[in-house]
Amino acid sequence: MAEIHPLMLELVAARKRAGLSASEVARRMDVTRQHVFNWEAGRNRPALETLVAYARAAGSVMVMQVVDAADGAALGELSPDEWRRLLR
């Protein structure tokens, strides 16, 4: 069985909390239903930009946090607006 990326697990949970089907997310992203099913099953690993688009289609946003590897202290966080600027 394929290993599902932890971010995808969180996004699937967000999709389900929003009451959306995988097919609806696919429609909102303008991709095939099979793409979404493959991402959710861990058969394919989507790019970061795709994860952000999935989150948006599921009615969520992703916030990226940079953490120091040595002590786990948060070094910074990107807001949704900063994400949008990065992904242009």
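This section describes the fold, helix packing and selected residues of a predicted model.

The chain contains 5 helices and 2 strands. From the N terminus, the order of elements is α-α-α-α-β-β-α. The chain has 88 residues, and 27% of them are buried. Its accessible surface amounts to about 5,900 Å². Carbon and sulfur atoms contribute 52% of that surface. Among contacts with a separation of 6 or more, 45% join residues 24 or more positions apart.

Two helix pairs are considered in turn. The first is α1 with α4. Helix α1 spans residues 6–17 and α4 spans residues 48–57. Their axes come within 9 Å and cross at roughly 15°. The angle is under 35 degrees, so α1 counts as roughly parallel to α4. The crossing of the two helices is left-handed. On the α1 side, the contact involves Leu7, Met8, Leu11, Val12 and Arg15. On the α4 side, Leu51, Tyr54 and Ala55 take part. By class, this contact of α1 with α4 comprises 7 nonpolar residues, no polar residues and 1 charged residue.

Two of the α1 residues in this contact were examined further. Met8, in helix α1, has a relative accessible area of 2% and is therefore buried. Beyond its neighbours within four places in sequence, Met8 contacts Trp39, Glu40, Pro46, Leu51 and Tyr54. Of these partners, Trp39 and Glu40 are buried residues of α3. Pro46 lies 38 residues from Met8 along the chain, and the two C-alpha atoms are separated by 8.8 Å.

Arg15 also belongs to helix α1. Its relative accessibility is 7%, so Arg15 counts as buried. With residues up to four places away in sequence set aside, Arg15 touches Leu20, Ser21, Ala22, Val25, Glu40, Tyr54 and Ala58. Among these partners, Ala22 and Val25 belong to α2, and Glu40 belongs to α3. Tyr54 is part of α4.

The second pair is α2 with α3. Helix α2 covers residues 22–29 and α3 covers residues 33–41. The two axes come within 8 Å and cross at roughly 120°. That angle makes α2 oblique to α3. The crossing is right-handed. From α2, the contact draws on Ala22, Ser23, Val25, Ala26 and Met29. From α3, Arg33, Val36, Phe37, Trp39 and Glu40 contribute. These residues divide into 7 nonpolar, 1 polar and 2 charged.

Asp30 is placed in the loop between α2 and α3. Its phi is near 60°, a positive value in a residue other than glycine. Asp30 has a relative accessible area of 70%, over the 50% cut-off, and is therefore exposed.

Met29, one of the α2 residues that meet α3, also has a spatial neighbour farther along the sequence. Met29 and Ala53 are 24 residues apart in sequence, with a C-alpha to C-alpha distance of 6.8 Å. Ala53 is located in helix α4. Its relative accessibility is 24%, which falls between the 20% and 50% limits, so Ala53 counts as partly exposed.

Helix α3 packs against several other elements. Its buried residues are Val36, Asn38, Trp39 and Glu40. They pack against α1, α2 and α4. Of these buried residues, Val36, Trp39 and Glu40 take part in the contact with α2. Trp39 and Glu40 also touch Met8, and Glu40 touches Arg15.

Asn38 is a further residue of helix α3. At 14% relative accessibility, under the 20% cut-off, Asn38 counts as buried. Outside the residues up to four places away in sequence, Asn38 touches Arg43 and Asn44. After α3 comes Gly42, with a positive phi near 80°.

Key. Residues numbered from 1 in each chain as written. Predicted model: local features only at pLDDT ≥ 70, side-chain atom pairs only at ≥ 80, totals over all residues. Heavy atoms only, no water. Axes fitted to C-alpha atoms, helices over the stretch in contact; angles between N-to-C directions. Helix = DSSP H or I, 4+ residues; strand = E, 2+ residues; numbered from the N terminus. Parallel < 35°, antiparallel > 145°, perpendicular 65-115°, else oblique. Left-handed = near helix turned anticlockwise from the far one by under 90°. Contact = heavy atoms within 4.5 Å. Nonpolar A, V, L, I, M, F, W, Y, C, P; charged D, E, K, R; others polar. Buried < 20%, exposed > 50% of the residue type's maximum accessible area, 1.4 Å probe, protein only. Areas by Shrake-Rupley, 256 points an atom, 1.4 Å probe, with all protein chains shown as cover.
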